[in-house]
Amino acid sequence: MSKKKNQTPFLLRLVQWGFPKLEKVFPALAHRLFITLFFTPLRYTTPPKEIELRETAEKIRLKLPDGVEIQGYSWGTGPVILFVHGWAGRGTQFRNFFPEAVQEGFRVLALDGPAHGLSTGRNTDLDGFKTMLFEVEKLVGKIEGVVTHSFGGVATLYSIMNGLKVNTLINIASPAIGNEIIDTYLKAMNGSKETGEHFKRYVVERTGKPFYEFSSEYFIQHIPDDTHVLLVHDRSDVEVPITHPQRLVELRPSTKLLITEGLGHYRILKDQNVIRKGVTFLKEQRLNSGNTA
């Protein structure tokens with residue numbers, strides 16, 4: 001039997017090997033490297049099925065004020081549903097959602113975030129994604145709903161808190177608890193607790209705010225009451241534990257939570273039951289709000 005190929009990108013494997021050594025010898029340099037890598041997404045190879053799909057789309061190229069060019073893909077007509085991917089992801093990762101959403105009368109718009117996919121840029125952050133979403137709003141007008149995965153959910157909640165008008169939000173496998181997000185990055189790089197504490201101090205020095213105020217558990221307490229939110233999460237998600245969406249429901253009891261079993265962090269995007277319930281939720285909230293035009 002052949003050994004299973006290691007899917008971890010070479011650069012990440014190199015960082016995992018070298019970062020603990022760098023911490024011991026040059027801790028200040030390690031701290032700076034952690035900050036740089038925290039805001040620098042890896043770009044993974046796009047699967048052939050996604051390449052085929054994007055060739056069928058209406059292409060949209062959007063230039064942000066900082067010069068970054070965003071690649072978008074659109075299918076169908078009707079009220080706009082945006083799809084916002086996670087860190088190191090691509091808009092076409094939601095490809096299994098698109099046919100059903102279009103069939104239900106929505107216009108699908110999937111985006112490659114700054115420094116992701118076919119968009120330009122080398123690094124990004126919440127503000128980069130926020131700028132993108134507001135520029136899309138200027139382009140298409142009213143955004144009926146947003147479907148997100150992982151970091152995309154954090155960025156969208158942040159944008160809604162800052163004034164982006166969205167009737168319905170579906171966050172899939174999205175992290176919420178600030179300290180655990182930092183711990184996840186540290187684990188990925190084999191970093192130490194001290195590096196994490198230095199990063200928290202850096203955030204305060206740079207922004208005047210603690211890292212907690214850049215997490216979904218903070219954002220969800222500051223979005224409009226009439227924003228309909230559905231969280232979809234798998235109980236076996238090892239990247240983002242189920243405690244994350246449960247925390248958001250505690251903070252905002254009107255938030256709906258759909259729990260799945262055995263799908264993990266990525267296969268949940270392909271599950272037909274998740275897709276059907278997600279599109280149904282979008283349709284129901286549109287009808288309930290009277291937005292039937």
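In which loop does Asn190 lie? In this predicted model, Asn190 is placed in the loop between α7 and α8, and the legends below begin with that residue.

**View 1. Asn190 and Ala173, two non-glycine residues with positive phi.** Asn190, although not a glycine, has a positive phi of about 60 degrees, and with a relative accessibility of 40% Asn190 counts as partly exposed. Ala173, found in the loop between β6 (166-172) and α7 (178-189), likewise has a positive phi, near 55 degrees; because its relative accessibility is 0%, Ala173 counts as buried.

**View 2. The crossing of helices α2 and α8.** The axes of helix α2 (residues 27-38) and helix α8 (residues 193-207) come within 10 Å and cross at roughly 65 degrees, which makes α2 roughly perpendicular to α8. The crossing in which α2 passes α8 is right-handed.

**View 3. Salt bridges of helix α8.** Lys200 and Glu197 meet through their side chains in a salt bridge, at 3.3 Å from N to O, and because they are 3 residues apart in helix α8, about one helical turn separates them. Lys200 is partly exposed, with a relative accessible area of 23%, and Glu197, at 28% relative accessibility, also counts as partly exposed. Arg206 forms a salt bridge with Asp125, with 3.7 Å between the closest N and O atoms; this pair links distant parts of the chain, since Arg206 is in helix α8 and Asp125 is in the loop between β4 and α5 (126-140), 81 residues apart. Arg206 counts as partly exposed, at 49% relative accessibility.

**View 4. Contacts of helix α11 with distant parts of the sequence.** Glu104 and Lys283 form a salt bridge whose closest N and O atoms are 2.9 Å apart. Glu104 lies in the loop between α4 (98-103) and β4 (107-112), whereas Lys283 lies in helix α11, so the pair ties together parts that are 179 residues apart in sequence. Both partners count as partly exposed, Glu104 at 31% relative accessibility and Lys283 at 35%. Arg276, also in helix α11 (residues 272-288), is 175 residues from Ala101 in sequence, yet their C-alpha atoms are 9.0 Å apart in space. At 41% relative accessibility, Arg276 counts as partly exposed.

**View 5. A nonpolar surface patch that includes Leu14.** Phe10, Leu14 and Trp17 make a nonpolar surface patch of about 390 Å². Leu14 has its place in helix α1 (residues 10-25) and, at 41% relative accessibility, counts as partly exposed.

Note on methods:
Residues are numbered from 1 along each chain as its sequence is written. This is a predicted model: local features need pLDDT of at least 70, side-chain atom pairs count only at pLDDT 80 or more; totals for chains, interfaces and linings use all residues. Side-chain values use heavy atoms; hydrogens and water are left out. Patches are made of residues with over 30% relative accessible area and no salt bridge: like charges are joined within 9 Å, nonpolar side chains (Val, Leu, Ile, Met, Phe, Trp, Tyr) within 5 Å. Accessible areas come from the Shrake-Rupley method with a 1.4 Å probe; for residues, only the protein chains shown count as cover. A salt bridge is a side-chain nitrogen of Lys or Arg within 4 Å of a carboxyl oxygen of Asp or Glu. Helices (H or I, at least four residues) and strands (E, at least two) are DSSP runs, numbered from the N terminus. Buried means under 20% relative accessible area, exposed over 50%, partly exposed in between (1.4 Å probe, protein chains only). Axes are lines fitted to C-alpha atoms, for helices over the stretch in contact, and angles run from 0 to 180 degrees between N-to-C directions. Angles under 35 degrees count as roughly parallel, over 145 as roughly antiparallel, 65 to 115 as roughly perpendicular and the rest as oblique. A crossing is left-handed if the near helix is turned anticlockwise from the far one by less than a right angle, and right-handed if clockwise.
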